[in-house]
Amino acid sequence: MTERLVIARLGRRGDGIADTPVGAVYVPCTLPGETVEVEAAPGHADRRNLLRVEVRSPDRVAPVCPHFGVCGGCAVQHLAEARYRAWKRDRVVAALADARLDAPVGELVDAHGAGRRRAVFHARRGTHDVLETGFAAYRAHHVVAIDRCPVLSLELAGALDAAWAIAEALTVQGKPLDIQVTATDAGLDVDVRGSGPLPPTLVARLAQVAEEHRLARLTRHGELLAQRAVPTVHMGRASVALPPGAFLQATAAGEAAIADFILAHTREARRVADLFAGVGPFALRLAERAIVLAVDGDEAAVTALSRAAAAAPGLKPVTTERRDLIRRPLLARELERFDAVVFDPPRQGAQAQAHELAGAAVPLLIAVSCNPTTFARDARILVDGGYRIAAVVPIDQFRYSAHVEIAARFERS
């Protein structure tokens, strides 16, 4: 059975939403104002699959990728630039409104730059036992085999070919693989997950693949298999040797945009705590003019940050601490010696840490988040604790996706 729907608005994941007598219905790849023909999506009463656009929106544009609509990586390649920017900014505005917060939200900062510098490719056996390597399909449990991706940086050129070669070498294992590739100053850094223990013959074959594709390093769940050079990235004056599978901001331009916001708003701070510091993209820059305490729960990241700080010229003292801030946040009394605190938690946010910050006397907080919902929840805690939101800037380093980064300044009222 088919039906016709009129799309009323875009949802937070980029789906078009039609209001029907039975409630909201979600249709991917559609835009507000469009009349569309759809069919049922098996197993999902509130979703429909798009068959045809009968009345097009003037904001509809041609997607930049032939895999759009099938691959799950991008949500809104079909949306014109101005409306795209407004929709992404509105995601932040709506999250704050849901938390009963009135805050100044700036214009969306384009931080796509040269493109994504890291990607996770999936390798699975698909229909008829055919190997597929690429990205996860849109809201489905299979892999879309791809030969290119327009949102990836040119620094990741060769990454897909390397991922295919690794998947083919490990096909005898019969296991689904996740292959993380990161562009570094030394070349591609690859970590393979899901293969299970490898016999010596496969280790040798993977080392050969690494050499053929000129990979800087190849690891399996962090275990070194082959290395031609130490994968490093520059962060301010420092050069950081990345641990295997290390987290980085999605684009170099995104990292720079967030760092610029942090540095601009902590100009007068002389003692700063950087919480959820990772490998140090902000701590190492802050240390060019302030004494820094950098805290993170990942031992390898903390070690890499510490070594980079020790080797970088002209930095002020950087103290590092390994601590799970989700389960054991810094307490209010531990925070009160700082002029400013920067915190950049994972998608789940920093609820426990926000409660401690709300009870501290730190004059300035800088929050960074990749999740508008948990950002707004934590912001509500801070505002209830006596802070006011002085600035919020949405930053777009996830072009065409529903994700948006946020940087915000909180001041004591």
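## Helix packing exercises

In α1, the buried residues (under 20% relative accessible area, with exposed over 50% and partly exposed in between, 1.4 Å probe, protein chains only) are Y84, W87, K88, R91, V92, A95 and L96. Helices (H or I, at least four residues) and strands (E, at least two) are DSSP runs, numbered from the N terminus. This is a predicted model, in which local features need pLDDT of at least 70, side-chain atom pairs count only at pLDDT 80 or more, and totals for chains, interfaces and linings use all residues. Residues are numbered from 1 along each chain as its sequence is written, and side-chain values use heavy atoms, with hydrogens and water left out.

**Exercise 1.** Describe the span, cover and end of α1.

*Solution.*
- Start with the span. α1 has 18 residues and reaches 26 Å from its first C-alpha to its last. That is close to the 26 Å expected at 1.5 Å a residue (1.5 Å times one less than the number of residues).
- Next, the cover. The buried residues of α1 are covered by elements including β2 (9-10), α9, β22 and β23.
- Then the end. R100, just after α1, takes a positive phi of about 60 degrees.
- An α-helix has 3.6 residues a turn, so residues three or four places apart point the same way.

**Exercise 2.** Place A86 and decide: buried, partly exposed or exposed?

*Solution.*
- A86 belongs to helix α1.
- Its relative accessible area is 34%, so A86 is partly exposed.
- For distance, take L154. A86 and L154 are 68 residues apart in sequence and 28 Å apart in space, C-alpha to C-alpha.

**Exercise 3.** Describe α9 from its start to the residue that follows.

*Solution.*
- Helix α9 covers residues 372-384, 13 residues in total. From first C-alpha to last it reaches 18 Å, close to the 18 Å expected.
- At its start, a side-chain oxygen of N371 comes to within 3.0 Å of the backbone nitrogen of T373.
- Buried residues of α9 include P372, F375, A379 and L382.
- What covers the buried residues of α9 includes α1 (81-98), α8 (351-358) and β23 (405-412).
- G386 follows α9, with a positive phi near 110 degrees.

**Exercise 4.** Work out how α1 packs on α9.

*Solution.*
- The angle is about 40 degrees, and the axes are 8 Å apart. Axes are lines fitted to C-alpha atoms, for helices over the stretch in contact, and angles run from 0 to 180 degrees between N-to-C directions.
- The angle therefore makes α1 oblique to α9. Under 35 degrees counts as roughly parallel, over 145 as roughly antiparallel, 65 to 115 as roughly perpendicular and the rest as oblique.
- The contact (heavy atoms within 4.5 Å) is made by R91, V92, A95 and L96 of α1 and P372, T373, F375 and A376 of α9.

**Exercise 5.** Repeat the analysis for α2 and α3.

*Solution.*
- Helix α2 (residues 159-169) and helix α3 (residues 200-212) pack at about 165 degrees, with axes 10 Å apart.
- The two helices, α2 and α3, are therefore roughly antiparallel.
- A165, I166 and A169 of α2 meet L202, R205, L206 and V209 of α3 in the contact.

**Exercise 6.** Which side chain does T219 join in a polar contact?

*Solution.*
- T219 sits in strand β13 (residues 217-220). T219 is buried, with a relative accessible area of 1%.
- The side chains of T219 and D191 are joined by a polar contact of 2.5 Å. A polar contact is a pair of N or O atoms within 3.5 Å; within protein, one must be able to donate a hydrogen and the other to accept it, and residues adjacent in sequence count only if both atoms are side-chain atoms.
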